[in-house]
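Student: I should like to learn how to read the packing and pairing of side chains and strands in a model. Could we work through an example together?

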Amino acid sequence: MSTLKPMTGPSIDAIPAHRPNAPSRWITAVSARLQTLPVRTRLELPGGIAVGAEHAAVVLRLLDARLMPLLALGQVGRLAQAYVEGQLQIDGTMRDLAEVAAALIPGDPTLLDDAAGPARWWSRLRRTSRSLAKHRPRRDREQIEFHYDVSNDFYALWLDPRRVYSCAYWPEGVSTLAAAQEAKLELLCRKLMLRPGERLLDVGAGWGALLLWAAERHGVRAHGITLSRQQHAHVRRLIAERGLANRVSIALCDYRDVPEQSDGGGPYDKIASIGMFEHVGRAQLLPYFRKLRRLLKPGGLLLNHGITAGGLHNEQLGAGIGDFVERYIFPGGELVHVSHVMAAMAEAGLETLDVENLRPHYARTLWAWSDALEAQLDTARGLTSERVVHAYRLYLAGSAMGFERGWMSLNQLLASRPTGAVESTLVRGAQSVYPFQRDHLYRS
């Protein structure tokens, strides 16, 4: 387990005490808010005080009265922190709780207070400085270990059998998570137009699902990299068990250190970056895509699949949500709008060929993960700490809510490294293997 101490928000203990008449004022405010919620909700306070619905689907039990202002003001991220730290108890399903949380949030959590006006330039400068500080190689490694090395067995409880930890693809007729993840793996391979014998690099290979699928179903030679020691050991074991050592490999390696010109390095025919660039950081996007371009053969294809921001300028969600995720789930994670991703790719010399938004697919995926975790809470507690279980319960359900409402999105961007030779392909001017139509995606 990493020794990383992620950035922390203000302590719950730092909430200031209020005047003697403040509790009744906040109780009145909260009581009024509860009446507007789409799910019957009751609030229970120390001393036996209760307000809200008598027969409630969601019960919020505050063990510290100082949390009242957070509830009245809709600071759901700070309330989530209180739940993880044992100062708030919750009864009810995660789906009902998500509806309550969404209704409590004031306004649009993708909007920044300083998104316009003279403060904008200073906000950008601060974000860039923070991003650079959070994404040096050593800190990136620590942040990845913090998240992914919680426990392989913990993730196995609620992921599909292949442990695909990214948005699934739910075509018509697909109803199980396992089938939806296999559909996603095949979609990735078809978009990359993989051919037998080609060299594929998977940047941030996770538990190896794409590496193995691409090698076994499409005949490629696949190499992956990860910063997670537990994932690295798991994938090496799978490679050995399936007898794929001559065609599949994985390295414990930072993307910045992948060899560009050597027997074990680039250039690669195709590159996949699946659920990876969210960890790269806004300030490192351009160097990241420049590195991938250098690793890619002229005419080759890159598929970048990842979470993007719903707003144009926010790097995380408001109402304390982003701070909660930073503290307990993804230290160092940053979101950017898909337009910023495309701009960075273009500046790096990559041509965007195709963009597909899978936002509702990720909401459905997250609900499948959430439901699976909820069904195995006792087992999960035996594999990790109560704090981790509490954090992931809220994270999975809250993320599903965010994707449903468009606060976050999920985009697949296919790009190429143009050859510069107009007549070098079947389609004049293509400058890559891409045929500039989508027929290959739908042929059986």
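Tutor: Certainly. Let us begin with two aromatic residues: Tyr-155 and Trp-207 are both buried. Please keep in mind throughout that this is a predicted model.

Student: How are the rings of Tyr-155 and Trp-207 arranged relative to one another?

Tutor: One reads two values, the distance between ring centres and the angle between ring planes. For Tyr-155 and Trp-207 the centres are 5.1 Å apart and the planes make an angle of 50 degrees, so the pair is classed as tilted, since an angle over 60 would be needed for edge-to-face. Tyr-155 belongs to helix α7 (residues 152–158), while Trp-207 lies in the loop between β5 and α9; the pair thus links distant parts of the chain, 52 residues apart.

Student: Which other ring pairs with Tyr-155, edge-to-face?

Tutor: The whole structure contains 20 aromatic pairs. In one of them, Phe-154 and Tyr-155 meet edge-to-face, at 5.7 Å centre to centre and 65 degrees between the planes. Phe-154 is buried, as is Tyr-155. Ring pairs also join residues into a cluster, whose members include Phe-154, Tyr-155, Trp-158, Trp-207, Phe-330 and Phe-403.

Student: Where does a charged end sit over an aromatic ring?

Tutor: The charged end of Arg-199 is placed over the ring of Tyr-268, 4.4 Å from its centre. Likewise, that of Arg-25 sits over the ring of Trp-26, at 4.8 Å from the centre.

Student: What should one look for in oppositely charged side chains?

Tutor: Side chains of opposite charge can pair when their charged atoms come close. In this structure the count comes to 22 salt bridges. One of them joins Arg-95 and Asp-371, with the closest N and O atoms 2.7 Å apart. Arg-95 is in helix α4 (residues 94–104) and Asp-371 in helix α14 (residues 359–374), so this pair links distant parts of the chain, 276 residues apart.

Student: Are Arg-95 and Asp-371 buried or partly exposed?

Tutor: Arg-95 has a relative accessible area of 39% and is therefore partly exposed. Asp-371, at 35%, also counts as partly exposed.

Student: What does helix α14 contribute through Glu-374?

Tutor: Glu-374 forms a salt bridge with Arg-393, the closest N and O atoms being 2.7 Å apart. Because Glu-374 lies in helix α14 and Arg-393 in helix α16 (residues 386–404), the pair ties together parts 19 residues apart in sequence. Glu-374 is partly exposed at 25% relative accessibility, whereas Arg-393 is buried at 10%.

Student: Which residues are linked in a network of salt bridges?

Tutor: Arg-42, Glu-44, Arg-61 and Asp-91 form such a network. Within it, Arg-42 and Glu-44 meet at 2.8 Å, N to O. Arg-42 counts as buried, at 18% relative accessibility.

Student: May we turn to the strands? How should strand β6 be read?

Tutor: One considers its exposure, its neighbours and its connections. Strand β6 (residues 221–226) is mostly covered, with five of its six residues buried. Strand β5 (residues 199–203) runs parallel to β6 and is joined to it by five bridges; Val-203, for instance, has Ile-225 in β6 as its bridge partner. Strand β7 (residues 248–252) also pairs with β6 in the parallel sense, over five bridges, and there Ala-222 is partnered by Val-248.

Student: Which helices complete the β-α-β units around β6?

Tutor: Helix α9 (residues 209–218) does so with β5 and β6, in a right-handed unit. Helix α10 (residues 229–241) makes a right-handed β-α-β unit with β6 and β7.

Technical notes:
Residues are numbered from 1 along each chain as its sequence is written. This is a predicted model: local features need pLDDT of at least 70, side-chain atom pairs count only at pLDDT 80 or more; totals for chains, interfaces and linings use all residues. Side-chain values use heavy atoms; hydrogens and water are left out. Buried means under 20% relative accessible area, exposed over 50%, partly exposed in between (1.4 Å probe, protein chains only). Helices (H or I, at least four residues) and strands (E, at least two) are DSSP runs, numbered from the N terminus. Two strands pair if DSSP finds at least two bridges between them. A crossover is right-handed if, with the strands pointing away from the viewer, the path from the first strand over the helix to the second runs clockwise. A salt bridge is a side-chain nitrogen of Lys or Arg within 4 Å of a carboxyl oxygen of Asp or Glu. Rings of Phe, Tyr and Trp (its six-membered ring) pair if their centres lie within 6.5 Å; planes under 30 degrees apart count as stacked, over 60 as edge-to-face and the rest as tilted. A charge sits over a ring if NZ of Lys or CZ of Arg is within 6 Å of the ring centre and within 35 degrees of the ring normal.
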